Amino acid sequence: MHLVQGYSYKFGTYAGYKFIGNQAMCSECTAQPYKANAINLSLMCAGARQNGMKKDELAIGVTANKFVAMIDGLCKTITPVELDTRKKQIQENFSWAGISDVEIVPDTNYWVAMSDYDSEKFIP
């Protein structure tokens, strides 16, 4: 979810996902992203599951030239998406990994903004 949010933050909503649960790593996560120069998801396939992928896992593929931007987008979506308890955990993990340049703002996210929303003032 977070990787798709990060990708969308940087490149917009991608509508070209192509997956059928077949040739997961070969086609859906490697060839398709390369062909489209974009992101793609895979629900995995029988072969991947027989070789160690768990039934509740999926995979994502993205081209190398978009990976760094996607991760930057992921970092920029932490504040609006995460609750404070999760933000604290993320900050602790970042600190442990020596990452100090990601701004995470507590006490704000989509839900806080929505609770301040006054539907009486909304004009469609």
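**Asn-37.** I started with how open Asn-37 is in this predicted model. Its relative accessibility comes out at 32%, and because anything between 20% and 50% is called partly exposed, that's the label I wrote down. Next I looked up where Asn-37 sits: in the loop between helix H2 (24-36) and strand E1 (40-42). Then I checked the backbone and found a positive phi of about 50°, although Asn-37 is not a glycine. I noted that down since most residues other than glycine have a negative phi.

**Met-44.** I went on to another positive phi: Met-44 has one of about 80°, and Met-44 is not a glycine either. This residue is in the loop between E1 and helix H3 (46-50). Buried or exposed? I got a relative accessible area of 2% for Met-44, so it's buried, the cut-off being under 20%.

**The core.** Which residues join Met-44 in the largest nonpolar core? I listed Ala-24, Cys-29, Cys-45, Ala-48 and Ala-59, and with Met-44 that core has six residues in all. I picked Ala-24 and skipped its neighbours within four places in sequence; its contacts are then Cys-29, Ser-42, Met-44, Cys-45 and Ala-48. Apart from this core I found another one, of five residues, including Cys-75, Ile-90, Phe-94 and Ile-104.

**The surface.** Last, I looked for something nonpolar on the outside. Phe-19, Leu-43 and Leu-58 make a nonpolar surface patch of about 290 Å². I traced Phe-19 to the loop between helix H1 (2-11) and H2. Phe-19 has a relative accessible area of 36%, so I put it down as partly exposed.

Methods. Residues are numbered from 1 along each chain as its sequence is written. This is a predicted model: local features need pLDDT of at least 70, side-chain atom pairs count only at pLDDT 80 or more; totals for chains, interfaces and linings use all residues. Side-chain values use heavy atoms; hydrogens and water are left out. Helices (H or I, at least four residues) and strands (E, at least two) are DSSP runs, numbered from the N terminus. Buried means under 20% relative accessible area, exposed over 50%, partly exposed in between (1.4 Å probe, protein chains only). A nonpolar core is a set of buried Ala, Val, Leu, Ile, Met, Phe, Trp, Tyr and Cys residues joined through side-chain atoms within 4.5 Å. Contact means heavy atoms within 4.5 Å. Patches are made of residues with over 30% relative accessible area and no salt bridge: like charges are joined within 9 Å, nonpolar side chains (Val, Leu, Ile, Met, Phe, Trp, Tyr) within 5 Å. Accessible areas come from the Shrake-Rupley method with a 1.4 Å probe; for residues, only the protein chains shown count as cover. A salt bridge is a side-chain nitrogen of Lys or Arg within 4 Å of a carboxyl oxygen of Asp or Glu.
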